[in-house]
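This briefing concerns a single protein chain and its ligand. Please examine the sequence and the model shown here before reading the notes that follow.

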Amino acid sequence: MTSSPPTADVDLFADDVLVDPYPTFAQLRELGPVVYLPRHDVYALTRYDVIRGALADTATFSSRAIAFNPAANDALRGTSLASDPPVHTELRATLTENLSPRALRGLKTTIETKADTLVADLVTTGSFEAIDALARAFPLEVVADLIGFTGEVRANMLRWGQAAMEVLGPMNQRTAENFPIAGELYAWCSQVQAEDLTPGSVGRGIFDAEARGAVPAGSAGHIIHQYLGAGVDTTIASIGNLIALFAAFPDQFDLVRADPTLVPSAFAEVLRYWAPLHAWGRAVTRDVEIDGHLIPGHTPGSVAYLVEGQNSVFVGDAVQVHGAANGFPGYTDPDAYRDSLAYLRETIRPQKLYLGHPYRRADGTPYGVELDRDQATEALRESVDIEGGVRGAAHRCLCHGLLDTDSAYSPFAPVADDLGYTGDPTLEPSPFFTTLHGYRTQFSHQHRHEEES
Ligand code: HEM
């Protein structure tokens, strides 16, 4: 029998949980394989088997939402990290080609020499601050050389790499504070050229691949962004955890010192025991049942992400024109939707607008997902007009009172008639009903407010 999963009132991104998440993880595992977390409005998969199953089922558990806030997901759209097969498979091939053991063989000697020098220096000091002097210093050098960073970018790597990870959490204070820093990285990667990177580096190789046509034109900067975002915080946390765990379990440290062939398995065990990445997202594309618990599909709602200095805006679902396949825009808060359209149209006036889907024009032809200034102006004007039309039709219908009928649009059949909308309202999730439910909620709040005052 299907039931709702248990609920836990925990904030996975609170400072005390981040510092020591393991008691919370144990508590969630104990509650069940799936636990609803109302603070983040997500379902946590807590046990090995269900996580493994979900990662293998990319059609149901999509990587289009790996972060816990829509702005970060919008910004990551199109990268290998936030895409599903077959697009993911293609992008991933180029990324991993440069990171395969064979590709990295040439760097092995350089990395080993750096490691030997660093360790020799630290040993002579007798005592050192392990996180700054070792866990941070070493990966920063290695990743900088790997990608081919020079000059001032090297100085920014720690801030940028950490911010790229911090913005993946829910929109709390930490995430909000890190967005401008992640934006600096994004802006830099949008304009980086081959000559900015050291000849022979992996980063330079990505530009060569772009010139050969092996990766899409204009994508080299995004790939560089991904290397830096993915390669800094993870490696720093792993080495930091390794030192802390050897300090906590000195007998294990003695074993590894006595037999250095144990180093690779010791490192793998550190990754397992204290994983450097704690929680990672997926979006369910349909209602899905896990061990008898139901997880409902798609939660609508979006915010926009502005790249300052360029006036490019990643709007995701905040601008929808006529909607996507279903031909109807889907939003739950009509006023917030209208306000963001007005703000974008009147205040921001975007140079480039990146949509969340190839939304439609009136004749059904899709806009691309990247709009130039004129197309953005057209999409914003149309979106405002459509919202106005839907608002008017919804209010007329709600003022007359809702009536259940045989219509597929029931109880909102007059709205569909009024708008001449003939799309399929049964597609899940249905934007038609999502949107009208938003107006209905708004209408009943206003009504209650008027009665009370
Ligand atoms: C111990 C260190 C590391 C850990 C624990 C780690 C962990 C991960 C995980 C869990 C993912 C998959 C995320 C998902 O399923 O959505 C991932 C993806 C990725 N990582 Fe790492 N990573 C590490 C180091 C690095 C380094 C050093 C680089 C490159 C410089 C890197 C580059 C990438 C890239 C490009 C992806 C995306 C690949 C894809 O799209 O499938 N990672 N990493």
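A residue counts as near a molecule or strand if one of its heavy atoms lies within 4 Å of it. On that basis, 18 residues surround the ligand, and Ser80, His88, Arg92, Trp280 and Arg282 come nearest. The model is predicted: local features need pLDDT of at least 70 and side-chain atom pairs count only at pLDDT 80 or more, while totals for chains, interfaces and linings use all residues. Residues are numbered from 1 along each chain as its sequence is written, and side-chain values use heavy atoms, with hydrogens and water left out.

**Ligand surroundings**

- A polar side-chain atom of Arg92 lies 2.5 Å from an oxygen atom of the ligand, and a polar side-chain atom of Arg282 lies 2.9 Å from an oxygen atom of the ligand.
- Leu81 places a backbone N or O atom 3.3 Å from a ligand oxygen atom.
- Two or more residues of the shell come from each of helix 5 (87–97), helix 11 (220–231) and helix 12 (233–248); helices are DSSP runs (H or I, at least four residues) and strands likewise (E, at least two), numbered from the N terminus.
- Helix 11 gives the most to this shell, with four residues.
- By class, the shell has nine nonpolar, seven polar and two charged residues; Ala, Val, Leu, Ile, Met, Phe, Trp, Tyr, Cys and Pro count as nonpolar, Asp, Glu, Lys and Arg as charged, and the others, Gly among them, as polar.

**Domain arrangement**

- The chain is divided into domain 1 (94–273) and domain 2 (305–452), with bounds from an automatic or database domain assignment.
- The centres of the two domains, taken over C-alpha atoms, are separated by 42 Å.
- Six residues from domain 1 and four residues from domain 2 form the contact (heavy atoms within 4.5 Å).
- About 380 Å² is buried between the domains, with 65% given by carbon and sulfur atoms; buried area is the accessible area (1.4 Å probe) that two parts lose on being put together, summed over both.
- Phe179, Tyr186 and Ala187 supply 80% of the area that domain 1 buries against domain 2.
- Zero salt bridges are counted between the domains (a side-chain nitrogen of Lys or Arg within 4 Å of a carboxyl oxygen of Asp or Glu).

**Arg39**

- Arg39 is found in the loop between strand 1 (34–37) and strand 2 (42–45).
- Not counting residues up to four places away in sequence, Arg39 touches Asp9, Val10 and Asp11.
- The side chains of Arg39 and Asp9 are joined by a polar contact of 2.8 Å; the term denotes a pair of N or O atoms within 3.5 Å, where within protein one must be able to donate a hydrogen and the other to accept it, and residues adjacent in sequence count only if both atoms are side-chain atoms.
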